[in-house]
Structures are given as C-alpha cells and as structure tokens.
Amino acid sequence: MSNIQPTEFIVIKALENGVHVIGLTRGEATKFHHSEKLDKGEIMVAQFTEHTSAIKIRGKAFVQTSHGQMDTIVDE
Ligand code: TRP
C-alpha cells in the first residue's frame with residue numbers, strides 16, 4: 001500500500017449531529033488515530049491510505065462505497 005496511491009473514496013453523510021468517523025491504523029496494531037465529528041448534513045469524503053486500514057462510523061449516517069451504499073440505522 002505504501003507506494004500505491006489510493007484511488008477509491010468513501011462518502012459519509014451524517015444524518016444526525018455528532019456522527020463520528022474514526023480512522024483505524026494499518027499495521028500490526030489496529031488503533032484509533034483520528035476522529036472526525038460531522039453534524040447533520042455534513043459530508044466527509046475519505047480514502048483508505050498507508051495509515052488508514054479501516055474506518056468506523058458511529059451515529060446515524062449514509063455511506064457510499066464502490067461496494068454499495070448503506071446506512072448505519074438499526075431498527076429498535
Ligand atoms: N492522515 C490520515 C491518512 O492519511 C487521514 C485519513 C485518511 C483519515 N482516511 C481517513 C482519517 C479516514 C479518518 C478516516 O490515513
């Protein structure tokens with residue numbers, strides 16, 4: 001991954017205030033390295049990079065990737 005420029009993006013749209021987009025590190029240890037707070041209607045466009053192997057989304061959001069689109073909403 002280090003010498004490859006990522007081309008894909010994931011799009012996250014917050015459906016409520018206080019949605020967190022959390023970046024998790026690549027490598028032996030998988031740790032939080034960045035948390036971005038989005039308010040309702042805000043959009044973040046992000047990539048998987050040399051430093052980021054996984055992204056966790058906390059809160060109500062709509063997510064679009066090349067694998068499809070989904071929301072985080074669970075019926076209770
Ligand atoms: N500096 C981080 C990186 O290059 C920035 C980043 C990329 C990020 N994708 C992310 C932060 C997804 C949070 C979520 O990896």
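Which residues is M70 in contact with, leaving aside its neighbours within four places in sequence? Select M70 and look around it: the residues in contact are A61, F62, V63 and T65, once neighbours within four places in sequence are set aside. Keep in mind during the tour that this is a predicted model.

**Stop 1: M70**

With M70 still selected, colour residues 68-71, which form strand β7, where M70 lies. M70 counts as partly exposed because its relative accessible area is 41%, and partly exposed covers the range between under 20% (buried) and over 50% (exposed). Now add I12 to the selection. M70 and I12 are 58 residues apart along the chain, and their C-alpha atoms are separated by 9.9 Å.

**Stop 2: the whole chain**

Zoom out and show the protein chain as a cartoon. There are seven strands and zero helices, and reading along the sequence gives the pattern β-β-β-β-β-β-β. Taken along the principal axes, the C-alpha atoms fill a box of roughly 40 × 25 × 20 Å.

Switch to a surface view. The accessible surface of the protein chain comes to about 5500 Å², and carbon and sulfur atoms account for 50% of it. Of the 76 residues in the chain, 20% are buried. If you display contacts between residues at least 6 apart in sequence, 61% of them join residues at least 24 apart.

**Stop 3: the nonpolar core**

Hide the surface and select I10, I12, A14, V19, V21, L38, A46 and A61. These eight residues make up the largest nonpolar core. Strands β1 (10-14) and β2 (19-25) each supply at least two residues of this core. The largest share, three residues, comes from β1. In soluble globular proteins, nonpolar side chains tend to be buried together.

Two residues of this core have appeared already: I12 was the partner in the C-alpha separation from M70, and A61 is in contact with M70.

Next, centre on A14. Beyond its neighbours within four places in sequence, A14 is in contact with V19, L38, D39, K40, G41, E42, K60 and A61. Among them, V19, L38 and A61 are listed in the core.

**Stop 4: D39**

From A14, move to D39, one of the A14 contacts. D39 is placed in the loop between β3 and β4 (43-46). Is D39 buried or partly exposed? With a relative accessible area of 30%, D39 is partly exposed.

Not counting residues up to four places away in sequence, D39 touches A14, E16, N17 and G18. Add H20 for a distance check: the C-alpha atoms of D39 and H20 are separated by 9.0 Å, with their positions 19 residues apart along the chain.

**Stop 5: F32**

Select F32, which has its place in strand β3. F32 is exposed because its relative accessible area is 51%, and the cut-off for exposed is over 50%. Leaving aside neighbours within four places in sequence, F32 is in contact with I22, G23, L24 and K56. Then pick G18, which D39 touches. F32 and G18 are 14 residues apart along the chain, and 17 Å separates their C-alpha atoms.

**Stop 6: the ligand**

Show the ligand as sticks and select the residues that surround it: G23, H33, H34, A46, Q47, T49, H51, T52 and I55. This shell divides into seven polar residues, two nonpolar and no charged. A46 is also listed in the nonpolar core.

Three atom pairs are worth drawing as dashed lines:

- Q47: a backbone N or O atom lies 2.7 Å from a nitrogen atom of the ligand.
- T49: a polar side-chain atom lies 2.4 Å from an oxygen atom of the ligand.
- T52: a polar side-chain atom lies 2.4 Å from an oxygen atom of the ligand.

Taken alone the ligand exposes 360 Å², and the protein buries 73% of that. Strands β3 (32-38) and β5 (52-58) are the elements that give two or more residues to the shell.

**Stop 7: T52**

End on T52, which has its place in strand β5. Is T52 buried or exposed? T52 is buried because its relative accessible area is 9%, and the cut-off for buried is under 20%. Apart from neighbours within four places in sequence, T52 is in contact with G23, L24, R26, H33 and Q47. Among them, G23, H33 and Q47 also belong to the residues surrounding the ligand, while G23 and L24 are also in contact with F32.

How values were computed: Residues numbered from 1 in each chain as written. Predicted model: local features only at pLDDT ≥ 70, side-chain atom pairs only at ≥ 80, totals over all residues. Heavy atoms only, no water. Near = heavy atom within 4 Å. Polar contact = N/O pair within 3.5 Å; in protein donor to acceptor, adjacent residues only side chain to side chain. Areas by Shrake-Rupley, 256 points an atom, 1.4 Å probe, with all protein chains shown as cover. Helix = DSSP H or I, 4+ residues; strand = E, 2+ residues; numbered from the N terminus. Nonpolar A, V, L, I, M, F, W, Y, C, P; charged D, E, K, R; others polar. Buried < 20%, exposed > 50% of the residue type's maximum accessible area, 1.4 Å probe, protein only. Contact = heavy atoms within 4.5 Å. Core = buried A, V, L, I, M, F, W, Y, C linked by side-chain atoms within 4.5 Å.
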